[in-house]
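User: Could you take a close look at one part of this structure for me, the largest cavity and what lines it? I would also be glad to hear about the metal site and any unusual backbone angles along the way.

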Amino acid sequence: MSAKQESRAVYLERFEADRAAWTEALPEWLMEKKRAAAEVFAGAGFPDPRHEEWKYTNVRPIARKVFQPAGEAGTRVAPPDLLEWSLGELDLIDLVFVNGRFAPELSSVGDLPGDVQVRELGEALREMPERLENRLGEIATFEHSSFAAFNTAFVEQGAFIDVPAETKVDKPVRLLFVSTAEPEPVVCHPRVFVSAGMGAMVEVIEQYVGQPEAANFTNAVTEIDVADNARVEHYRIQRESHRGYHVAGVHVNQGRGSQFASHNINLGGRLARADINTRLGAEDAHAFLNGLFMPTGRQHMDTHTRIHHAAPHTTSEEVYRGVLSGHGRGVFKGRVLVAQDAQKIEAHQSNDNLLLSRDAEVDTKPELEIYADDVVCSHGATVGQLDEDALYYLQTRAINPELAQDLLTFAFADEVVARIPLKPVREQLEQGIVGRLPDNEKLKEFV
Amino acid sequence: MSMLSIKDLHAEVDGKPILKGIDLEINPGEVHAIMGPNGSGKSTLSQVLAGREGFEVTRGEVRFGGEDLLDMDIDERALAGLMLAFQYPVEIPGVKNVYLLKAAYNALREKRGEPEVDAFEFLQLVREKLRIMDMDESFLHRGVNEGFSGGEKKRNEILQMLIMEPRLAILDETDSGLDIDALKVVSDGVNSLRAEDRSIVMVTHYQRLLNYIEPDFVHVLSDGRIIKSGDKSLALELEERGYQWVLEEAAA
Ligand SMILES: Nc1ncnc2c1ncn2[C@@H]1O[C@H](COP(=O)(O)OP(=O)(O)O)[C@@H](O)[C@H]1O
Ligand SMILES: [Mg+2]
């Protein structure tokens, strides 16, 4: 048996062992989903590089290890630690998880308008399972990634965000997932379910952070239902440690006239993969996908997006940028699928990459699959270096070459960050980006 | 001591000789005009002095304030007080104009051993210079030259000069693309820089600018060589008679 198969077998044994306890605590419909998912994972195992969707990302570093189950949050993270991951002055509805385990004493929900629910998922499953039935697990698919099945099989905790029709949640919901340094690296499977009812509005920030030496594996799945005329602003800020493994799938279903915006910022992780899939299921739905990946050192960051224009008169705009330095490796694949009768759609995609070192590498691949004939689609992918003329010009203004390079790199990355509507998040990210640039002390004052 | 001393300077671009033996002495306080037909090498000379890569000096030497200019890095030249206002200023989307000004200003302060400028003080300073250049404050928060009109770019170059206060200012075709009002503003800006310890080199195809900024010396550059030098009356003569006669005189 290969090492890869071995870890799968261990996880499946663990699944069987936990089954009895789960059956007590979880509704039967969910147990059915978990069993089915476990079967899919048992059959497929970890994705193979021969799989078209996993061609550029070999997950062997994840598959060959056996990650331990995460223990309770306990006192691994204390309230003062949270300052490090604060989002400035943002007043938040805040749920904090430590290695995937809910930490109620670090969380604060406060008063919520009307019948808005923001809860730990396990708790919601115990206390209001009917609100999750026929919803949880209905949007995520296993089609492109068996990691989603792996997550579903082990669903236990996460977040449930339910916003009834015509309701606006004024404060952003932040889900902070902290990965801690453990003697034996652990695995967790956070599950997030977001529903914005007709005409509702909510901002959800998934923030993944790691303590410096954390070498855990986070396998997250998020499902988002955006009903007619609803708006969801979704953030993924991934800053796991340089030893962390991170796989995430965001699955979105959009109704008529709905708006979904995704800001997917990847700075962390040894190996990080994010899949963002949205289905524009009815007329006038709009999706905006905004993303940045900045691998350096030996980091590998992969983003796959899939925008499915399933209905006419739907629009999408996608802007992704990569900044690659050191031995960093980036992958971007953006698929746009336009169904046969989805006429009058408009889809624009761009992916620009900046290669800052000879040893860095990026694979970028737009993929347009268009079955309708009356559509406006554009896509462009570039890989380049810093503009020589701009570097020269800055140096003639007494700016040293290192700072000139940093200024231009920052400006390149900031194209994405500047599109983030929440100012404190934007500022925090800008500082985060600056912190990764070599001459950052000088640059700080310019941000 | 001379501000700039150029001796037998030869330079080539892409293996093609452009500058073919330039000699020029510039003393502190002097204003020089370098004129010449298009393609004569005026911009090449300016870029060689600023340190552009790919413009290869094959012979000769340049001393700036007694030091070997050609041995200095691009930013070192600027720190030493040489500054070029570009014929075609570069657009840098995403880098705010005010960042560039501040980074430049602080780099010069650091070189003099002074602490970083206080944010408020700096804003006062920039506002004063913006007024001189008749520029709106909104220019500070736009990307460097991003989407600026030709005239706005030229003003922005001089704005940078007013902040950086170089010892040697080189202006490459600063008047091109300017209407009369803008020309007046730009030349007022340049004239405000005139000082005993500062030299100005104006590179221009037309003598129009020289009506506003009067040079002490005028040189005619042709095919990579200075073929004639004189005082400002030479510029007027060129305006009246064109370049042809000088070229013929030099050939004779
Ligand atoms: N980047 C370049 N590559 C090749 N030739 C160049 C380049 N820049 C300028 N030249 C050539 O060098 C000569 C001088 O150009 P330039 O210095 O721009 O003249 P001027 O500024 O006097 O009009 C011209 O023949 C021009 O075509
Ligand atoms: Mg020129």
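Analyst: Happy to help; the cavity comes first, then the metal site and two backbone angles. Please keep in mind that this is a predicted model.

Let's start with the empty space inside. Rolling a probe the size of a water molecule over the atoms shows where empty space is left. Across the whole structure, the search turns up four cavities of 30 Å³ or more. The largest cavity holds about 100 Å³ of space. It is lined by 17 residues, and those closest to its centre are A:Ser145, A:Ala148, A:Gly249, A:His251 and A:Asp275. Four elements of chain A each give two or more residues to this lining: helix H5 (146–153), strand S10 (217–226), strand S12 (245–254) and strand S14 (271–280). Among these, S12(A) provides the largest share, with four residues. As for the character of the wall, seven of the lining residues are nonpolar, seven are polar and three are charged.

Now to the metal site, over in chain B. The magnesium ion (ligand 2) has two protein donors, the OG atom of B:Ser43 and the OE1 atom of B:Gln87, which lie 2.1 to 2.3 Å from the ion. B:Ser43 belongs to helix H1 (residues 42–50) of chain B, while B:Gln87 sits in the loop between strand S6 (82–85) and strand S7 (92–96) of that chain, so the pair ties together parts that are 44 residues apart in sequence. The two donors also fall into separate burial classes: B:Ser43 counts as partly exposed because its relative accessibility is 24%, and B:Gln87 counts as buried because its value is 18%. The cut-off that matters here is 20%, under which a residue is called buried.

Finally, the backbone angles. Most residues other than glycine have a negative phi. A:Glu166 is not a glycine, yet its phi is positive, at about 55 degrees. This residue is found in the loop between strand S5 (158–163) and strand S6 (173–179) of chain A. With a relative accessible area of 62%, A:Glu166 is exposed.

Chain B has a case of its own. B:Asp134, again not a glycine, has a positive phi of about 55 degrees. Its loop runs between helix H4 (119–132) and strand S8 (143–144) of chain B. B:Asp134 is exposed too, with a relative accessible area of 53%.

Definitions and conventions: Residues are numbered from 1 along each chain as its sequence is written. Chains are lettered from A and ligands numbered from 1 in the order in which they are written. This is a predicted model: local features need pLDDT of at least 70, side-chain atom pairs count only at pLDDT 80 or more; totals for chains, interfaces and linings use all residues. Side-chain values use heavy atoms; hydrogens and water are left out. Donors are N, O and S atoms within 2.8 Å of the metal (3.2 Å for Na, K and Ca); water is not among the atoms, so sites may look incomplete. Buried means under 20% relative accessible area, exposed over 50%, partly exposed in between (1.4 Å probe, protein chains only). On a 1 Å grid over the protein atoms alone, a cavity is a set of points where a 1.4 Å probe fits but cannot get out, and a pocket is an open set with protein on both sides within 12 Å along at least five of seven lines; lining residues have an atom within 4 Å of a point. Grid points are joined across faces, edges and corners, and a volume is the space filled by probe spheres set on the points. Ala, Val, Leu, Ile, Met, Phe, Trp, Tyr, Cys and Pro count as nonpolar, Asp, Glu, Lys and Arg as charged, and the others, Gly among them, as polar.
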